[in-house]
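These are my notebook entries on a structure that I looked up. I began with the ligand and then turned to the rings and the backbone.

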Amino acid sequence: MARRKKRGAAAAAAAAAQAPRRQQPQPQPQPAAAAPNAEVAAAPEDLVLRPPNLRVAFAAMALFLAPFSYLAFVHYPLDADLRRSILICGAISFAGFFVVLRLIPVAACYLHRRKLFGKDINKKGLPTGDIDVPESLGIVVGIVYLVIAILFQQFNFAADSIWLVEYNAALASVCFMILLGFIDDVLDIPWRVKLLLPGIAALPLLMAYAGGTSIIIPKPLASYVGVEVLELGWLYVIFMFLLAVFCTNSINIHAGLNGLEVGQTVVISAAVLVHNVMRIGSSKDLETQQAHAFSIYLVLPFLTTSLALLGFNWYPSSVFVGDTYTYFAGMTLAVVGILGHFSETLLLFFLPQVLNFLCSLPQLLKIVHCPRHRLPSFDTQTGLLTATENGNLVNIFLRLFGKCSEKSLCIRLLIFQALSCLFCFWLRYMLTGWYK
Ligand code: UD1
Ligand code: MG
């Protein structure tokens with residue numbers, strides 16, 4: 001009986017998503033008590049989700065996948081087997097895009113019913129600021145992503161492949177991170193504890209890591225250090241731990257505008273894919289090629305499933321992604337950076353996040369008061385955002401370029417992210433041969 005009821009809820013929510021209604025979720029009276037069996041009392045139809053912005057999702061897909069596809073299938077004469085694997089991965093990832101599109105309205109309904117929703121702070125004072133926006137929809141992307149990544153092993157790795165161990169360790173860390181992120185969304189864990197969650201989630205990867213623990217010293221520094229290759233041993237494990245903690249938290253604190261959380265990871269993922277294919281195309285070393293192919297197989301499904309979420313999260317957001325998504329995204333990018341051996345390049349792609357983190361340090365370290373949300377203030381008269389004294393990139397951009405709408409601010413920050421990635425490619429090009 002209960003089962004039939006649940007299926008009814010899913011069907012109703014999916015139907016609601018299809019309906020061409022242009023409205024926000026309706027503020028409905030909440031069930032009086034959050035008793036465990038409250039779903040019986042709550043009507044499953046209580047949430048009508050606005051359809052996703054497919055124009056943005058498909059435009060972003062074309063924009064961000066075009067350079068990678070061109071390089072992989074036209075520019076570089078890649079191995080036929082590798083191309084086949086990329087094509088299979090791309091096809092499953094594309095299917096994942098549609099699965100996420102279909103599942104988000106269903107999951108949003110269930111999350112909303114369990115009171116997992118937030119208010120849109122940058123619309124405070126407007127009727128849209130009073131609406132309950134379902135939170136933690138990153139859980140859908142995370143689950144679909146994991147299913148794709150697990151299934152894909154069938155198409156690429158031989159049973160005795162050494163990559164299989166690291167691939168599964170990477171997936172275990174990502175899965176652990178999704179779990180901890182979701183726990184954070186449900187329990188609202190204090191900041192200091194929250195900072196360490198990614199370190200715990202990275203453990204499966206750190207324990208299974210069997211790759212090199214040495215770094216190549218940049219040529220200009222080699223004479224000072226005395227060696228060209230420096231063996232770091234367990235210090236390298238600490239470095240991987242710190243990278244995981246940094247990537248996850250830095251994405252989580254560069255947030256709070258509709259579309260920014262997903263937008264920044266989409267831009268970084270596209271840059272990672274281009275970097276991977278360029279390294280495969282320009283390197284003769286088999287291990288390097290495998291490492292970058294490995295990264296492609298993990299990033300491609302991440303990008304497509306995130307694009308589906310972007311359709312719902314773009315301004316005006318009909319769902320929030322939650323810490324489930326920001327942590328999941330950070331961990332996915334960190335594991336590919338670690339196992340693909342391009343953590344330095346990854347950190348250059350993370351330039352806006354590094355700057356945001358540095359500006360945030362006084363508040364994170366509690367030297368300066370740190371409110372729960374460090375967002376700009378919203379003027380209901382003009383509909384524009386104004387900078388507050390909180391130290392982050394969102395406010396700095398408002399101070400530098402003046403008041404603007406939430407959507408424009410998000411687009412400006414995403415353009416800055418893309419420019420940072422281009423700068424990284426330029427820098428790599430300029431330093432090749434001289435630096436390493
Ligand atoms: C981090 C930031 C906090 C920022 C928040 C926004 C630090 C130390 N913490 O906290 O300053 O306000 O992310 O995600 O820098 N929200 C919106 N619009 C959006 C996205 C989120 O209003 O487009 C609001 C909603 O009320 C949502 C809440 O932010 O419920 C989610 O915040 P949460 O992710 O829990 O905040 P933190 O990650 O702790
Ligand atoms: Mg967050």
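I first fixed a term: a residue is near a molecule if one of its heavy atoms lies within 4 Å of it. I also noted that the model is predicted.

**Entry 1: the shell around the ligand**

I looked up which residues surround ligand 1 and found 21 of them. The closest are Lys119, Glu135, Lys194, Asp323 and His373. I then sorted the shell by residue kind: eight residues are nonpolar, five are polar and eight are charged. Two helices, α7 (191-201) and α10 (234-253), each supply at least two residues of this shell.

**Entry 2: contacts and cover**

Which polar side-chain atom lies 2.6 Å from an oxygen atom of ligand 1? I found that it belongs to histidine 373. The side chain of arginine 372 has an N or O atom 3.0 Å from an oxygen atom of ligand 1. For glycine 256 the partner is in the backbone, where a polar atom is 3.3 Å from a nitrogen atom of the ligand. I recorded the cover as well: ligand 1 has 720 Å² of accessible area on its own, and the protein covers 93% of that. As for its place, ligand 1 sits in the second largest pocket.

**Entry 3: aromatic rings**

I searched the whole structure for aromatic pairs and obtained 20. One of them joins phenylalanine 94 and phenylalanine 98, with 5.1 Å between the ring centres. The planes of these two rings are 85° apart, and I entered the pair as edge-to-face; the cut-off for that label is over 60 degrees. Why are phenylalanine 94 and phenylalanine 98 separated by about one helical turn? The reason is that they are four residues apart in helix α4 (residues 80-113).

**Entry 4: the backbone**

I kept a general rule at hand: most residues other than glycine have a negative phi, and most peptide bonds are trans. I then looked up two places in the backbone.

The peptide bond from tyrosine 315 to proline 316 is cis, and its omega is near -10°. I located proline 316 in the loop between α12 (286-313) and α13 (322-339).

Serine 136 has a positive phi, near 70°, although this residue is not a glycine. I placed serine 136 in the loop that lies between β2 (133-134) and α5 (138-156).

Terms used: Residues are numbered from 1 along each chain as its sequence is written. Chains are lettered from A and ligands numbered from 1 in the order in which they are written. This is a predicted model: local features need pLDDT of at least 70, side-chain atom pairs count only at pLDDT 80 or more; totals for chains, interfaces and linings use all residues. Side-chain values use heavy atoms; hydrogens and water are left out. A polar contact is a pair of N or O atoms within 3.5 Å; within protein, one must be able to donate a hydrogen and the other to accept it, and residues adjacent in sequence count only if both atoms are side-chain atoms. Accessible areas come from the Shrake-Rupley method with a 1.4 Å probe; for residues, only the protein chains shown count as cover. On a 1 Å grid over the protein atoms alone, a cavity is a set of points where a 1.4 Å probe fits but cannot get out, and a pocket is an open set with protein on both sides within 12 Å along at least five of seven lines; lining residues have an atom within 4 Å of a point. A molecule sits in a cavity or pocket if more than half of its atoms lie within 2 Å of its grid points. Ala, Val, Leu, Ile, Met, Phe, Trp, Tyr, Cys and Pro count as nonpolar, Asp, Glu, Lys and Arg as charged, and the others, Gly among them, as polar. Rings of Phe, Tyr and Trp (its six-membered ring) pair if their centres lie within 6.5 Å; planes under 30 degrees apart count as stacked, over 60 as edge-to-face and the rest as tilted.
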